[in-house]
Amino acid sequence: MRTIANDPVEAVLAVGLKDLWYPICPSEFVAERPVSLRRLGRKFVIWRETSGKLHALEDHCPHRGAPLSMGMALGDRIACGYHGVQVRFDGVVTSVPGSPGCKLEGAKATRSFHVQEACGAIFLYNSSVDVDQPPPLRLPEELTSDEFSNFLCYAEWKGGYRYVTDNVMDPMHGTFLHKQSHSMAEGDNTATFRVRETDIGFVFEKEGQRDVNFDWTEWADTDLHWMRLAIPYPKTGGPGGSFFIIGSYTPISENVSAVFFWRCRKLSGWQRDTWRFLYRNRLEARHWAVLEQDRVVLEVMEPDANQREMLYQHDMGIVRWRRHMRNLAKEQLAKEEATEQVKA
Amino acid sequence: MNEIKQDIYLNPHQARRRPPTQYEDLLGDSIERAFGAGIHDLSELVAYLNRTGPGCPLNEGIWTETLYQEEIARLAA
Ligand code: FES
Ligand SMILES: [Fe+2]
């Protein structure tokens, strides 16, 4: 088994790197009542003002630690259900009803987090310390351009989020695991891969085969880690060429992940509407069946399967990505150490 | 969307708000068959639907390009 306690890099990666945006749940998960979500190594309480404006705090009352999510939302603040202490969206305690005027009033006593909504999901900036202004949320064009249409598919899988990335960083599994699927029956089952660097990450792609099967995958960092890939639709999918998948994965706990896949297509007018109709009516179910094949494999793998591997050329992308993540984790640790020293 | 499950969230239908009607299933079948036959133009698609059904619900069964666009926009919304 992995010995996390002895490996600080592993400990950093297990809960997700800091100072990044992460999708944390579909928009619909948060309605009028405060919602508690375990993500990224802590619990968050998320709630909305009546205007729909979102707020997020650590789900921990500064008084005695009851979950704030058990309390009541009062616009931009939450009143804890245990003793009524009120905490504002910025983490400042605005009222201590049981002991008015006490020192806790006016103190910044709870971690606060920036949240933003886009493409059917709520994104949270996982800052290492509270910040006034997070970097902008930068999403790929498949999710922001009017030329594309998209649907979010959200699922929770019993596997670490890095297993989910490994799976997406491994295009060759499409040819085998998804052989029977509606869109991945074609193409060679041997291939040579190469890594191509981009400004924001890298592309892992087959040499000499494009738009036939799941032939390439991209990893990108825009203060949000996301992945992109394209899979050709069969003829019955109509005009519009390959459909794109944008993926982003967030740790819930060590062996459970929040998995976000946006299915996107470059279409307009009646063709876009027809795809959206077909997606609802039948394609979503077919896509789901393909994704279930991935989930099942992932969930039956032992949590320490990645400690006993014999990788070959098709796994180059995984190796490249893991090395990159370890480097980012080391940078984060160095930064934390530097701040500690300044404080000391 | 369904209620949040206590355990983990696995909901195969997140895009639809209700089960499809029989008419929608038939329309989906027809459109897929048309696409499969290489029909990509709106006019050809409309002609195909008028040949194979289902009929247009807006106009005593007859599809026109305008009515198809109207109806599919409604179904896509
Ligand atoms: S624990 Fe929240 S008010 Fe006491
Ligand atoms: Fe897969």
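Four donors around a metal count as tetrahedral if all angles lie between 85 and 135 degrees, four count as square planar and six as octahedral if opposite donors are over 155 degrees apart and all others between 65 and 115, and anything else is irregular. The structure considered here is a predicted model, in which local features need pLDDT of at least 70 and side-chain atom pairs count only at pLDDT 80 or more, while totals for chains, interfaces and linings use all residues. Residues are numbered from 1 along each chain as its sequence is written, chains are lettered from A and ligands numbered from 1 in the order in which they are written, and side-chain values use heavy atoms, with hydrogens and water left out.

**The iron site**

Donors are N, O and S atoms within 2.8 Å of the metal (3.2 Å for Na, K and Ca), and sites may look incomplete because water is not among the atoms. At 2.1 to 2.4 Å, the iron ion (ligand 2) is coordinated by NE2 of His173(A), NE2 of His178(A) and, listed twice, OD of Asp294(A). The four donor atoms subtend angles of 57 to 143° around this iron ion, and the arrangement is therefore irregular. Along the sequence, the donor residues follow the spacing H-x4-H-x115-D. Both His173(A) and His178(A) are buried, where buried means under 20% relative accessible area, exposed over 50%, and partly exposed in between (1.4 Å probe, protein chains only).

**Two helices of chain B and a tryptophan of chain A**

Helices (H or I, at least four residues) and strands (E, at least two) are DSSP runs, numbered from the N terminus. Helix α1 (residues 22–36) and helix α3 (residues 65–76) of chain B have axes that come within 13 Å and cross at roughly 120°; such axes are lines fitted to C-alpha atoms, for helices over the stretch in contact, with angles that run from 0 to 180 degrees between N-to-C directions. Contact means heavy atoms within 4.5 Å, and across this pair Tyr23(B), Glu24(B), Leu27(B) and Ile31(B) in α1(B) meet Tyr68(B), Glu71(B), Ile72(B), Arg74(B) and Leu75(B) in α3(B). By class, this contact has six nonpolar, no polar and three charged residues, with Ala, Val, Leu, Ile, Met, Phe, Trp, Tyr, Cys and Pro counted as nonpolar, Asp, Glu, Lys and Arg as charged, and the others, Gly among them, as polar.

Trp270(A) is found in helix α5 (residues 269–300) of chain A, and it counts as buried because its relative accessibility is 13%. Leaving aside neighbours within four places in sequence, Trp270(A) is in contact with residues of chain B that include His40(B), Leu45(B), Tyr68(B) and Ile72(B).

**Backbone features in loops**

The peptide bond from Gly53(B) to Pro54(B) is cis, with omega near 0°, and Pro54(B) lies in the loop between α2 (42–52) and α3 of chain B. In chain A, Asp19(A) has a positive phi although it is not a glycine, and Leu40(A) likewise has a positive phi in a residue other than glycine.

| Residue | Phi | Loop in chain A | Relative accessibility |
|---|---|---|---|
| Asp19(A) | about 60° | between α1 (8–14) and β1 (21–26) | 23%, partly exposed |
| Leu40(A) | near 55° | between β2 (35–39) and β3 (42–48) | 2%, buried |

**Separations along chain A**

Gly317(A) lies in helix α6 (residues 316–343) of chain A and is buried, with a relative accessible area of 0%. Its C-alpha atom is separated by 30 Å from that of Glu337(A), which is 20 residues apart from Gly317(A) along the chain. Ser51(A), in the loop between β3 and β4 (54–58) of chain A, counts as exposed at 62% relative accessibility. The C-alpha atoms of Ser51(A) and Gly75(A), 24 residues apart along the chain, are separated by 9.0 Å.
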